[in-house]
Amino acid sequence: MEGKIVISQVSARTQWDAPEIDGSVMVDESIPVGEFADITIGDWRGYDLVAAR
């Protein structure tokens with residue numbers, strides 16, 4: 001394998017979502033763990049949402 005894929009996003013969920021039941025929200029890793037953040041959804045991947053950068 002010549003290259004390495006690096007994903008600079010982490011998995012989060014909205015305040016209404018339950019873990020292992022609802023989809024996740026992929027956010028930038030600069031958001032601190034355990035903090036609430038205002039984001040805008042920019043895309044989706046199956047059941048998961050992706051925050052706009």
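In the predicted model, the largest pocket encloses a volume of about 660 Å³. Its lining comprises 25 residues, and A12, R13, T14, E35 and F36 are those that lie nearest the centre of the pocket. Two elements, β1 (residues 9-12) and β2 (residues 25-28), each give two or more residues to this lining. The largest share is that of β1, which supplies three residues. Classified by side chain, the lining of the largest pocket contains 14 nonpolar residues, six polar residues and five charged residues.

The secondary structure against which this pocket is described consists of four strands and zero helices. Along the sequence, the elements follow the pattern β-β-β-β. The protein has 53 residues, of which 11% are buried.

A nonpolar patch is present on the surface, formed by I39, I41, W44 and L49. Together, these four residues have about 390 Å² of accessible area. Within the patch, W44 belongs to strand β3, which spans residues 41-45. The relative accessible area of W44 is 62%; W44 is therefore classed as exposed, since this value lies over the 50% cut-off.

Two loop positions were also examined. G46 is located in the loop that connects β3 to β4, the latter covering residues 48-51. With a relative accessibility of 65%, G46 likewise counts as exposed, because exposure is assigned over 50%. In sequence, G46 and G23 are 23 residues apart, and the distance between their C-alpha atoms is 8.7 Å.

The second position, A37, occupies the loop between β2 and β3. Its relative accessibility is 39%; A37 is therefore assigned to the partly exposed class, which lies between the cut-offs of 20% for buried and 50% for exposed residues. A separation of ten residues along the sequence divides A37 from V27, and their C-alpha atoms are 9.6 Å apart in space.

In summary, the model describes a protein of four strands without helices, in which a pocket of about 660 Å³ is lined by 14 nonpolar residues together with six polar and five charged ones. A nonpolar surface patch that includes W44 and the exposed loop residue G46 complete the description.

Methods:
Residues numbered from 1 in each chain as written. Predicted model: local features only at pLDDT ≥ 70, side-chain atom pairs only at ≥ 80, totals over all residues. Heavy atoms only, no water. 1 Å grid on protein atoms, 1.4 Å probe; cavity = no way out; pocket = protein on both sides within 12 Å on 5 of 7 lines; lining within 4 Å. Points joined across faces, edges and corners; volume = space filled by probe spheres on them. Nonpolar A, V, L, I, M, F, W, Y, C, P; charged D, E, K, R; others polar. Patch = residues over 30% accessible without salt bridge, like charges linked within 9 Å, V, L, I, M, F, W, Y side chains within 5 Å. Areas by Shrake-Rupley, 256 points an atom, 1.4 Å probe, with all protein chains shown as cover. Salt bridge = Lys/Arg side-chain N within 4 Å of Asp/Glu carboxyl O. Buried < 20%, exposed > 50% of the residue type's maximum accessible area, 1.4 Å probe, protein only.
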